[in-house]
Amino acid sequence: MFAEKYVFAQVTSFLSAYDFNKYVDHYQGNYKVQHFTCWHQLMCMMFGQLSNCDSLTDLVVGLTAQQSKLYHLGMGSGLSKSNLAHANEHRDWRIFAEFAYTLIAEAKIICRNNSDVLPKIKGNVYAIDSTTVDLCLEVFWWAKFRKQKGAVKIHTQFDVKANIPTFIDITDGLSHDVNFLDQIIYETGAYYVADKAYIDFDRLFTIHEADAYFVTRAKENMNYRRVYSARVNKKKGVKCDQTILLNNYKSAKEYPEKIRRIKYYDKETDNEFDFITNNFRLSALNISLLYKNRWSVELFFKWIKQHLRIKSFWGYSENAVRIQIYSAIISYLTISIMKEKMMLHQSNYEILQILNFSLIDKMPIQQLFQPSYLQYVKEQNCNQLILNL
């Protein structure tokens, strides 16, 4: 890092242009392109994400005002609203998706020990969920959802311990959440935590056969019979710990093995939870703790919706929407990687807010995150009269 570099250039130095250009060459992203390359496009999209631009016009107007700095910011020449819109419309979104997965692989190594969540549980813990982004059906005609409403779903497999997304799929709003389980490659010994929307006993048995574990909530109408009940400590909130078999013919055929059922009472929320899992080794309290940490993926969705730009889109085609979403994911991963490599103590939100005000400053990036101390200087004439009112 050098002081004469802009802060944005120092942030993007954590990205590998070599890896990105491998995917550009594979998908011919720079075919017949002379000036505004895919790398320049990525830099513009990331700048818009980190500076919280509301629209493509806001982004281009702001960058055009800093025309003399574009080269040093890594955006090259040839930036215009039409060029950026055309690039988002026609350049293959898979370039950005593949590069996002390269960053995910790097972040999994760097960030794997950055959290003290679930320290007693060996193996990776993944939370699975989706979030829906509403769209105008008349403009985003391809995003089918309802009669007069469009939407896209961002299906996510989230690493709870590393606090990063590890697998993402973007579909229209009509796609059912449970179909996402068909695309996951299950790791031996890993835990997959999901809510009721992902209950499909055929797919859950696939997780079981992969020597992985699932933790989810049972539906109210689940038909089962109790085989065995273990002793529980009701003072800690565990009401029952049972081994069950499914009674329904179709469900029993899809999942012929025994399932563990745990009923837990949470004093904080005054709610009862009915969990099912194929793990018989962990304590009932740890199974409940696993499901409680499923909330981390909800916090991730909330974070990127509030602090990055995935609710107002800068293009109308499916390709442009996918590029913008993956640019947001790349920005999130860049912040996570930078935080670990620089050993920053601030949260991702605080880092983003600091960068938001400093992207085109010329100063060492370490200086941005050092604690500052206010200097209290006495006035020259401190002997002032005291007025008695």
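Which residues of helix H2 (residues 17-26) are buried? In this predicted model, the buried residues of that helix are Phe-20, Tyr-23 and Val-24. Viewed down the axis of H2, these buried residues fall within an arc of 105°, so they line one face of the helix. Behind this lies a general property of the α-helix, which has 3.6 residues a turn, so that residues three or four places apart point the same way. The face of H2 that is turned away from the buried side carries the exposed residues Tyr-18, Asp-25 and His-26. On the buried side, the packing partners are helix H3 (38-50) and helix H7 (94-110), against which the buried residues of H2 are set. After H2 comes Gln-28, a residue whose phi is positive, near 55°.

It helps to place this helix within the whole. The secondary structure of the protein comes to 14 helices and 10 strands, and the C-alpha trace spans about 75 × 75 × 45 Å along its principal axes. Of the 389 residues of the protein, 50% count as buried. Among the contacts between residues at least 6 apart in sequence, 62% join residues that are at least 24 apart.

Two individual residues illustrate burial in a helix and in a strand. Ser-327, which lies in helix H12 (residues 318-341), has a relative accessible area of 0% and is therefore buried. Once its neighbours within four places in sequence are left aside, Ser-327 is in contact with Met-45, Gln-49 and Phe-96. Thr-166, for its part, is found in strand S4 (residues 164-172), and because buried means under 20% relative accessible area, its value of 11% places Thr-166 among the buried residues. With the neighbours of Thr-166 within four places in sequence again left aside, its contacts are Tyr-101, Ile-104, Lys-108, Tyr-126, Gln-157, Phe-158 and Asp-159.

The strands S8, S9 and S10 can be taken together. Strand S8 (residues 238-246) is joined to S9 by 6 bridges, and the two strands run antiparallel; in this pairing, Cys-240 stands opposite Lys-263 in S9. S9 also pairs with S10 in the antiparallel sense, over 7 bridges, and here the bridge partner of Arg-261 is Ile-276 in S10. S9 and S10 form a hairpin with 4 residues between them, and in the turn Asp-270 has a positive phi of about 55°. How many of the 8 residues of S9 are buried? The number is 6, and S9 is therefore largely enclosed by the rest of the structure.

The hairpin strands lead on to the second largest pocket, since strand S9 (259-266), strand S10 (271-277) and helix H10 (284-292) each supply at least two residues of its lining. About 370 Å³ of space lies in this second largest pocket, and its lining is made up of 14 residues, of which Asp-266, Phe-273, Ser-288, Tyr-291 and Lys-292 lie nearest the centre of the pocket. Of the elements that contribute to this lining, H10 gives the most, with 5 residues. By character, the lining residues of the second largest pocket divide into 7 nonpolar, 2 polar and 5 charged.

Enclosed space is a separate matter. Rolling a probe the size of a water molecule over the atoms shows where empty space is left. The count for this protein comes to 1 cavity of 30 Å³ or more, and the largest cavity holds about 60 Å³ of space. Its lining is formed by Ile-128, Leu-181, Tyr-192, Val-193, Ala-194, Tyr-198, Leu-204, Ile-207, Phe-214, Val-215 and Thr-216. Strand S5 (191-193), helix H8 (201-209) and strand S6 (213-217) each supply at least two residues of the lining of the largest cavity, and S6 gives the most, with 3 residues. How do the lining residues of the largest cavity divide into nonpolar, polar and charged? There are 10 nonpolar residues, 1 polar residue and no charged residue in that lining, whereas the lining of the second largest pocket includes 5 charged residues.

Technical notes:
Residues numbered from 1 in each chain as written. Predicted model: local features only at pLDDT ≥ 70, side-chain atom pairs only at ≥ 80, totals over all residues. Heavy atoms only, no water. 1 Å grid on protein atoms, 1.4 Å probe; cavity = no way out; pocket = protein on both sides within 12 Å on 5 of 7 lines; lining within 4 Å. Points joined across faces, edges and corners; volume = space filled by probe spheres on them. Nonpolar A, V, L, I, M, F, W, Y, C, P; charged D, E, K, R; others polar. Buried < 20%, exposed > 50% of the residue type's maximum accessible area, 1.4 Å probe, protein only. Pairing = 2+ DSSP bridges. Arc of directions from axis to C-beta. Contact = heavy atoms within 4.5 Å.
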